[in-house]
Amino acid sequence: MKKLSIIVPCFNEEEVVNTFYEVVGKELEKENITLEFLFIDDGSKDKTLKILKELHKKDEKVRYISFARNFGKEAGVYAGLKECTGDYAVVMDADLQHDPKLLPKMIHILKDSEYETVAVRRVNRKGEGLRGFLSKMFFKFMNKLSGLDTKSGEMDYRMMSRKMIDAILLMSEYNRFSKGIFSWVGFETKWLEQENIERSLGTSKWSFKSLVKYSLQGITAFSTTPLVLASFLGILFCIIAFIMIIVVVIKTLCFGEDVAGFPTLICCIFLIGGLQLFCLGIIGEYLSKMYLEVKNRPIYIAKETSEDNE
């Protein structure tokens, strides 16, 4: 019998963990497959870890890894894929915005076809307003910059074969962007669609600032185009400056016009200075990523696991 690992990164999810366990378990109880729940407690400050310990005592299929601090969702996904033991693994959010009713269909697709992964994308962003629009624009922008094939509305909700899991684990970089990694490793993907489901319990841990930071991390992790842009802008402004010098010389020598003074000079200084800082900022982003990579720090540190208490 095949085994499915359900990987669930959690951060302050005390209100939804039990509900998630019951709903997903009920959805899969008729499937001919062995289950493994692997919850990743990402340094929660509430009772999430306590609830996970109680679930583990009640059901041996429930495992957990508790981080020493909050390392972020990407670290949680990596830890889950690294420690899972299933023939298949699915990454899900604890808030049930990833529709559990799709799980049986995903299992059958992997079992009965040559697909190595089944992924889910939203067909709309109803209820998300500006955030939904910006997310759509980001995916388009990301694909153009990186050459990846990320889908608009793509979610972290994805089921993978062991072959794809092993391929992902070969990419042990510190700065992780899972959607880009899933696309980069290849393998044929079957896409399923779902309507947007609003969170019914708890609150989202993703602020607008966090989403912007995550987007920038994705761009710098899979594209060097911003560096090319910085070089292009440098060349462009050198050409403009050269043309301006020629125009000023011709106007002065041929027409006797006075060269514009202080206001023009100040405007040019501010414009070119701002451009230089912008380009330095782009370079700084890439240097910071290199700095973190060469330190070779672990992606996460586990404080305790379900196996420690057995």
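The paragraphs below lead through the interior, the strands, the helices, the salt bridges and one surface patch of this predicted model.

A reader may begin with the largest nonpolar core, which has 37 residues and in which Leu4, Ile6, Phe39 and Met106 touch the most other members. The surroundings of isoleucine 6 can be followed in detail: with its neighbours within four places in sequence left aside, this residue is in contact with Phe20, Val24, Leu28, Leu35, Glu36, Phe37, Leu38, Val90 and Met92. Apart from this core lies another one, of 25 residues, and among its members are Phe71, Cys84, Met160 and Ile181.

From the cores we turn to strand E6, which spans residues 154-161 and is largely enclosed by the rest of the structure, because eight of its eight residues are buried. Strand E4 (residues 88-91) runs antiparallel to E6 and is joined to it by four bridges, and strand E5 (residues 117-122) is likewise antiparallel to E6, again with four bridges. Arginine 158 of E6 appears in both pairings, as the bridge partner of valine 91 and as the residue that stands opposite alanine 119.

Helix H3, made of residues 73-83, is mostly covered, with eight of its eleven residues buried; these are Glu74, Ala75, Gly76, Val77, Tyr78, Ala79, Gly80 and Leu81. A salt bridge with an N to O distance of 2.8 Å brings together the side chains of aspartate 156 and lysine 73. Since aspartate 156 belongs to strand E6 and lysine 73 to helix H3, this pair ties together parts that are 83 residues apart in sequence. Aspartate 156 counts as buried, because its relative accessibility is 14% and the cut-off for burial is under 20%. The pair also belongs to one network, in which salt bridges that share partners join Lys73, Asp93, Asp156 and Lys179.

The search of the whole structure finds ten salt bridges, and another of them, at 3.4 Å from N to O, is formed by the side chains of glutamate 304 and lysine 53. Here too distant parts of the chain are linked, as glutamate 304 lies in strand E8 (residues 302-305) and lysine 53 in helix H2, 251 residues apart. The two partners differ in their exposure: glutamate 304 is buried, with a relative accessible area of 17%, whereas lysine 53, at 29%, counts as partly exposed. In the salt bridge between lysine 61 and aspartate 59, where the N to O distance is 3.1 Å, lysine 61 is partly exposed at 33% relative accessibility, while aspartate 59 is buried at 10%.

Helix H2 (residues 48-58) also holds leucine 55, which counts as buried because its relative accessibility is 2%. Beyond its neighbours within four places in sequence, leucine 55 is in contact with Val17, Asn18, Tyr21 and Val62. Valine 17 is 38 residues away from leucine 55 along the chain, yet their C-alpha atoms are separated by 9.4 Å.

The surface, finally, carries a nonpolar patch of about 530 Å², made by Leu229, Phe232, Leu236, Ile240, Met244 and Phe278. Helix H9 (residues 225-255) supplies the largest share of this patch, namely five residues. Leucine 236 is found in helix H9 and is partly exposed, with a relative accessible area of 32%. As general background to such a helix, residues three or four places apart point the same way, because an α-helix has 3.6 residues a turn.

How values were computed:
Residues numbered from 1 in each chain as written. Predicted model: local features only at pLDDT ≥ 70, side-chain atom pairs only at ≥ 80, totals over all residues. Heavy atoms only, no water. Core = buried A, V, L, I, M, F, W, Y, C linked by side-chain atoms within 4.5 Å. Buried < 20%, exposed > 50% of the residue type's maximum accessible area, 1.4 Å probe, protein only. Contact = heavy atoms within 4.5 Å. Patch = residues over 30% accessible without salt bridge, like charges linked within 9 Å, V, L, I, M, F, W, Y side chains within 5 Å. Areas by Shrake-Rupley, 256 points an atom, 1.4 Å probe, with all protein chains shown as cover. Salt bridge = Lys/Arg side-chain N within 4 Å of Asp/Glu carboxyl O. Helix = DSSP H or I, 4+ residues; strand = E, 2+ residues; numbered from the N terminus. Pairing = 2+ DSSP bridges.
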